[in-house]
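Here are some questions a student might put to a structure, each settled by setting a value against a rule.

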Amino acid sequence: MAKVELQRLWKRYGDIVAVEDFSLVAEDGEFIVFVGPSGCGKTTTMRIIAGLEVASEGRVLFDDKDVTDELPSNRDVAMVFQNYALFPHLNVFSNMAFGMRLRKRPKAEIEERIKRTAQILGIENILQRRPRELSGGQRQRVALGRAIVREPRVFLMDEPLSNLDAALRMEMRAEIIKLQERLAVTTFYVTHDQVEALSMGDRIVVMRNGRVQQIGSPTELYDQPQNAYVASFIGSPPMNFLHGRVEGDSVALPEERTALAFNGAARAALTRAEGGEVTIGIRPEHIIFSDRPAESGLLSIVGTVDTVEPLGHTTLVRAKMASNKRLSVLINGKARLHEGETVYATFPPNRLYLFEHKSERALLGIVE
Ligand SMILES: Nc1ncnc2c1ncn2[C@@H]1O[C@H](COP(=O)(O)OP(=O)(O)O)[C@@H](O)[C@H]1O
Ligand SMILES: [Mg+2]
């Protein structure tokens, strides 16, 4: 178990900058999730922490000790990969024992640790089987088990659940959270799935093109995204965006042939928008439909119902606005709405996000 510090890490492959100026301090026992689209530098950063990749610049510290030049074997980290990387010719027991045998641990200790770990993961009855005789979920458990038996200082998990079907993924997600809490090993977990990130991480690092966009708790990322990219990436369905021009206390939305008048914190934020162009953000779950324009103090925009998708406990409605762009609205329960119906989408002022259009920088987040 260790505090892990990444200091201004860079990784270049020729002209490609895979990781750009990445800094982070993970506290002992913390669960950190790296999330972002494919190619944004998640795996490269993990491999630098593991010592499998050498950073072009920057340092890695474990408990304040510089390990930048240490070999992976001296860092005491255990990695779980997306493809499990089990030895096909070894049975489950030997797969799990492999690392400890290399380190010449006593036989009794190896057996004891494997027994205990197998119990935690519910794989005691498959220890004699080979990987090809296992289901995807079982293989995943074995890969986790192999990492756990080593009792490492740091866990690195790179998209460990992406080969599993949805139901199993949910189950394993919950198991990993429980396990990590119980073992209290500092963990870095990579995923491209924002739902997985929000549900698992103590803190989440949102990445894009090798650059950290924001580091924060799930609530911080949802309530106070630092830019429009984070705002669009966190939350499902994604936040709606409306592009407009600041005109005094209002934002003119020429495409929608309307203007929205702001007051309070949002009005103050408008004055901070450089160049006077802003993007208004509103999450689908915060919009309220009404059959008439909003009363004073509230903002609304007119649209016609385009599609209605029942999702079980919620309904996703898409309304077509004057510009022909669609607004996603998430309604609790069933929606008694029909295609072509006129609706007024009302935006509660304390649920609005505001971004500088060009820089995508946040000017305002949710005010509780
Ligand atoms: N060994 C390598 N040689 C050249 N480019 C690489 C290498 N490994 C990764 N990259 C590039 O670095 C970037 C980040 O890759 P990676 O860390 O694997 O992203 P992610 O895990 O987020 O999908 C990508 O543009 C990828 O093509
Ligand atoms: Mg990757």
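Q: What makes the largest cavity count as a cavity, and what is its volume?
A: In this predicted model, the largest cavity has a volume of about 60 Å³. A cavity is a set of points where a 1.4 Å probe fits but cannot get out. The count takes in cavities of 30 Å³ or more, and it comes to 1.

Q: How do you know which residues line the largest cavity?
A: A lining residue has an atom within 4 Å of a point. Phe241, Leu242, His243, Leu253, Glu255, Glu256 and Lys325 line the largest cavity, so each of them meets that limit. Strand S11 (residues 240-247) supplies the largest share of this lining, 3 residues.

Q: Why does the lining of the largest cavity divide into 3 nonpolar, 1 polar and 3 charged residues?
A: Phe and Leu count as nonpolar, and Glu and Lys as charged, while His falls among the others, which are polar. Sorting the lining residues in this way gives 3 nonpolar, 1 polar and 3 charged.

Q: Why is the space of about 480 Å³ called a pocket?
A: A pocket is an open set of points with protein on both sides within 12 Å along at least five of seven lines. The largest pocket, with a volume of about 480 Å³, is therefore an open set by this rule. Its lining holds 18 residues, and Val77, Ala78, Met79, Arg103 and Arg150 lie nearest its centre. Strand S6 (77-80), helix H2 (92-102) and helix H4 (136-149) each supply at least two residues of the lining. By class, the lining of the largest pocket has 13 nonpolar, 2 polar and 3 charged residues.

Q: How do you know that threonine 44 makes a polar contact with ligand 1?
A: A polar contact is a pair of N or O atoms within 3.5 Å. An N or O atom in the side chain of threonine 44 is 2.5 Å from an oxygen atom of ligand 1, so the pair qualifies. The protein covers 61% of the 550 Å² of accessible area that ligand 1 has on its own.

Q: What makes the pairs of glycine 39 and glycine 41 with ligand 1 polar contacts?
A: For glycine 39, a backbone N or O atom lies 2.6 Å from an oxygen atom of ligand 1. For glycine 41, the distance from a backbone N or O atom to an oxygen atom of ligand 1 is 3.0 Å. Both pairs are within 3.5 Å, so both count as polar contacts.

Key. Residues are numbered from 1 along each chain as its sequence is written. Chains are lettered from A and ligands numbered from 1 in the order in which they are written. This is a predicted model: local features need pLDDT of at least 70, side-chain atom pairs count only at pLDDT 80 or more; totals for chains, interfaces and linings use all residues. Side-chain values use heavy atoms; hydrogens and water are left out. A polar contact is a pair of N or O atoms within 3.5 Å; within protein, one must be able to donate a hydrogen and the other to accept it, and residues adjacent in sequence count only if both atoms are side-chain atoms. Accessible areas come from the Shrake-Rupley method with a 1.4 Å probe; for residues, only the protein chains shown count as cover. Grid points are joined across faces, edges and corners, and a volume is the space filled by probe spheres set on the points. Helices (H or I, at least four residues) and strands (E, at least two) are DSSP runs, numbered from the N terminus.
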